[in-house]
Amino acid sequence: MLINAGVTARDRSFKRGNPGSLAGADEIIMAKKPKPSGNPNIVKLWPTTMLTKRFAHYQKVNPALLELFYQHQQREQRGAQKSYASKDDLLSQYPLHKELNELAEFISQGIVEVAREANADLWQGSEKVSVNITGLWFQISNNHAFHEMHVHGNCSWSGVYYVRAADCSTSPASNSGERPNGVTRFYGPHVEHMAGGFGDYGNLYLHDNHWDSFPEDGKLCIFPSHIKHMPFPYSGEEDRVIVSFHAQVFNSSGSQSYNYGFSN
Ligand SMILES: [Fe+2]
């Protein structure tokens with residue numbers, strides 16, 4: 001389903017600290033940017049740009065989504081398992097569902113926002129961009145359900161929207177001494193060098209290899225699709241309910257505009 005976010009790279013300038021934003025959003029972007037050390041001999045490279053923000057309408061939209069998802073699950077439950085994942089064509093299955101479309105629009109705007117930040121030096125400022133949500137599905141989990149570490153293919157941006165965080169960990173301190181419950185963990189490139197690698201005082205920075213998104217009702221988290229991530233096992237009184245998605249982004253020419261020439 002092609003959703004044109006209806007914004008330009010310049011016009012859709014979401015203000016940081018707006019009422020719908022989460023406290024962590026700025027920290028994520030800023031924490032991954034190279035910090036000037038003041039030492040002209042040092043180069044720090046390749047930050048990761050992500051976005052988290054809360055949907056302003058989540059208190060209205062989420063109950064309608066929960067109703068839709070549980071009805072859908074009851075119709076299509078394929079076995080006796082406690083957890084459930086729908087197919088990824090929800091937008092095609094429910095093209096007229098008001099709240100689902102509101103969420104899709106919010107997601108599309110978030111993708112434009114984070115892609116604009118990541119491509120700030122490359123996008124033409126006034127250029128219109130459109131977002132093609134290539135898959136959107138929901139998952140209901142409990143009883144320690146989880147997914148292994150993975151990435152998403154054939155897309156540039158992926159994300160999770162927490163419809164019901166339930167008993168998920170809410171902060172690094174909330175499950176002190178235990179594994180976090182139901183968080184979404186993202187892994188940076190340093191994780192590749194941890195297993196069997198050499199560790200000493202000189203490469204302590206390699207331990208800074210992951211970041212957790214703590215679920216909150218109505219929170220959206222968008223990340224580059226190639227970033228490894230893992231939904232941690234969840235168990236609680238109520239089910240953890242999320243929407244997952246992935247998307248492609250196009251400019252006005254409608255092409256992927258990827259240069260396969262020899263100049264790069
Ligand atoms: Fe995923």
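Two strands count as paired here if DSSP finds at least two bridges between them. Keep that in your pocket for the exercises below, and remember that this is a predicted model.

**Exercise 1. Which strands does β5 pair with, and in what sense?**

Step 1: look at β8 (residues 219-224). It shares 5 bridges with β5, and the two run antiparallel. The cut-off is at least two bridges, so this counts as a pair.

Step 2: pin the register. Tyr161 has Leu220 in β8 as its bridge partner.

Step 3: now try β10 (residues 240-250). Here 7 bridges do the joining, again in the antiparallel sense. For the register, take Gly159, which stands opposite Phe245 in β10.

Step 4: check the surroundings of β5. The strand is mostly covered, with 8 of its 8 residues buried.

**Exercise 2. In what order do the strands of the open sheet with β6 stand, and which of them are at the edges?**

Step 1: write down the order. The 3 strands go β7-β6-β9, with antiparallel pairing.

Step 2: find the edges. β7 (210-213) and β9 (228-231) each have a single partner strand, so one side of each lacks a neighbour in the sheet.

Step 3: add the twist. Ignoring direction, neighbouring strands in this sheet are turned by 20 degrees against each other on average.

Step 4: zoom in on one pair. β6 (residues 184-187) and β7 are linked antiparallel over 4 bridges, and Arg185 has Asp212 in β7 as its bridge partner.

**Exercise 3. How do α2 and α4 cross, and which residues meet there?**

Step 1: get the geometry. Two packed helices are described by the angle between their axes and the distance between the axes. For α2 (residues 58-76) and α4 (residues 98-118), the axes come within 9 Å and cross at roughly 120 degrees.

Step 2: name the arrangement. That angle makes α2 oblique to α4, because roughly perpendicular stops at 115 degrees and roughly antiparallel needs over 145.

Step 3: give the hand. The crossing of α2 past α4 is left-handed.

Step 4: list the residues. From α2 come Val61, Ala64, Leu65 and Leu68, and they meet Glu99, Leu100, Glu102 and Leu103 of α4. Sorted by type, the contact has 6 nonpolar residues, no polar ones and 2 charged ones.

**Exercise 4. Where do Trp46 and His144 lie, and is each exposed, partly exposed or buried?**

Step 1: spot the backbone oddity. Trp46 has a positive phi, near 60 degrees, though it is a residue other than glycine. His144, not a glycine either, has a positive phi of about 70 degrees.

Step 2: place them. Trp46 is in the loop between α1 (24-32) and β2 (51-54), while His144 is in the loop between β4 (128-141) and β5 (157-164).

Step 3: count neighbours. Trp46 has 8 C-beta neighbours inside 10 Å, so it counts as exposed. His144 has 13, so it counts as partly exposed; the cut-off for exposed is 12 or fewer.

**Exercise 5. How many helices and strands does the protein chain have, and how are they ordered?**

Step 1: tally the elements. The chain has 4 helices and 10 strands.

Step 2: read from the N terminus. The order is β-α-β-α-β-α-α-β-β-β-β-β-β-β.

Step 3: add the whole-chain numbers. Of the 264 residues, 32% are buried. Among contacts between residues at least 6 apart in sequence, 85% join residues at least 24 apart.

Methods: Residues are numbered from 1 along each chain as its sequence is written. This is a predicted model: local features need pLDDT of at least 70, side-chain atom pairs count only at pLDDT 80 or more; totals for chains, interfaces and linings use all residues. Axes are lines fitted to C-alpha atoms, for helices over the stretch in contact, and angles run from 0 to 180 degrees between N-to-C directions. A residue is buried if 20 or more other C-beta atoms lie within 10 Å of its own, exposed if 12 or fewer, and partly exposed in between; C-beta atoms are placed from the backbone. Two residues are in contact if their C-beta atoms, placed from the backbone, lie within 7 Å. Angles under 35 degrees count as roughly parallel, over 145 as roughly antiparallel, 65 to 115 as roughly perpendicular and the rest as oblique. A crossing is left-handed if the near helix is turned anticlockwise from the far one by less than a right angle, and right-handed if clockwise. Ala, Val, Leu, Ile, Met, Phe, Trp, Tyr, Cys and Pro count as nonpolar, Asp, Glu, Lys and Arg as charged, and the others, Gly among them, as polar.
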